[in-house]
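Subject: A structure to look through

Dear colleague,

I am handing over a structure that I would like you to read alongside the notes below. Please open it first, and then follow the text with the structure in view.

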Amino acid sequence: MAISIAILDCDLLLHGRGHKTLDRFDLDSVSDEFLVAHFGFPREFILYLVEILREALCRRTQRSRAISPEVQVLAALGFYTSGSFQTSMGDTIGISQASMSRCVSNVTKALVEKAPQFITFNIDASSREESFQEFQAVAGFPSVLGVLDCVQVTIKSPNSEDYSYLNKKGYHSIGCQLVCNSRGLLLSAETHWPGGLKDTEILERSALYQQLQEVEEGWLLGDCRYPLRKWLMTPVDEPRSSAELQYNMAHEATHEIVDRTFRAIQTRFRCLDGAKGYLQYSPERSSAILLACCVLHNASLQSGLDAWTLERTDPPELPDGVRQRPEERDQRAEEQRAELILKHFS
């Protein structure tokens, strides 16, 4: 008589492959140095993540042989910080590559659910004043609410004939619009935009744009790819006075914070570093992974870790300036910038 064999979980087959199997991996059994080297973060922060994600991860793995939240978090961190599902990573924590993929999916969804908790842009009077003081201490630029940029993260070509993700440089990407404060904390992160869109198009379609219409005091700083607006200060195209030159220098030194922040995020989370390959997923899943990494960046910064510890030193790419037609120019914003230059940089 034939006997049917049901394999409930492929991880059962891995028992004995390494000294740390599914049930045996213990965070307390390894050093902080080991955890940082393999998973990008020290024990205290990993345990913090496990606690805030535990309910969501248990909800998604209700099988009798479910992988523990601790192992799921380690698997996801291993992927985010290395960018691959290497067999050695699975061996370290005692799970298969297929289970690694499921863990990354579960943890990514759980982190995305936490995004509103960790990424917030408050423009109330108290938050506004604190932002003004912190940014002015950087390079003397007054009334700054945040620094704005749009970055591209490389993804695989979508299966369909969708050219909206093909950017101007000829590769497929998702556009990520970021705003951060003076310490590199992300205030806004919209990660779902097709790479073929211009930065100005993304801004005008974004939730951030709607929020900024309510700003009565202060502004963001954006580079020359953006149009000048009363709530968005951009560099002077051709400075003709020492005051305009001082304005541009202060603008550049302050705006650089967002470039440094994203370079640090790419360095910590190597799955986002196009120089090391591209995300092998659909645009939707790639967007979720990018947002999850943004949440982790903020959570780690709020937990006391340095935002720029792992910052790359290569200089940012110089942006192409935007050419506005005369009818698109904002006369009130130009007057406001001229007044700002006269008052603070003369």
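Which backbone oxygen lies 2.7 Å from a polar atom of the side chain of Q336? In this model, which is predicted, that oxygen belongs to K230. Q336 itself has its place in helix α12, which covers residues 331-344, and the residues touched by Q336, leaving aside those up to four places away in sequence, are W219, R229, K230 and M233. With a relative accessible area of 17%, Q336 counts as buried, because the cut-off for that word is under 20%.

One of those contacts, W219, leads on to the strands, since W219 in β4 is the bridge partner of V144. Strand β1 (residues 144-154) has 10 of its 11 residues buried, so this strand is largely enclosed by the rest of the structure. On β4 (residues 219-221), β1 is joined by 3 bridges, and these two strands run parallel. With strand β2 (residues 173-180), by contrast, β1 shares 8 bridges in an antiparallel arrangement, and there L148 has V179 as its bridge partner.

As for the whole protein, there are 12 helices and 5 strands, and 50% of the 346 residues count as buried. The protein exposes about 17300 Å², of which carbon and sulfur atoms supply 49%. If you take the contacts between residues at least 6 apart in sequence, 69% of them join residues at least 24 apart.

With best wishes

Methods. Residues are numbered from 1 along each chain as its sequence is written. This is a predicted model: local features need pLDDT of at least 70, side-chain atom pairs count only at pLDDT 80 or more; totals for chains, interfaces and linings use all residues. Side-chain values use heavy atoms; hydrogens and water are left out. Helices (H or I, at least four residues) and strands (E, at least two) are DSSP runs, numbered from the N terminus. Buried means under 20% relative accessible area, exposed over 50%, partly exposed in between (1.4 Å probe, protein chains only). Contact means heavy atoms within 4.5 Å. Accessible areas come from the Shrake-Rupley method with a 1.4 Å probe; for residues, only the protein chains shown count as cover. A polar contact is a pair of N or O atoms within 3.5 Å; within protein, one must be able to donate a hydrogen and the other to accept it, and residues adjacent in sequence count only if both atoms are side-chain atoms. Two strands pair if DSSP finds at least two bridges between them.
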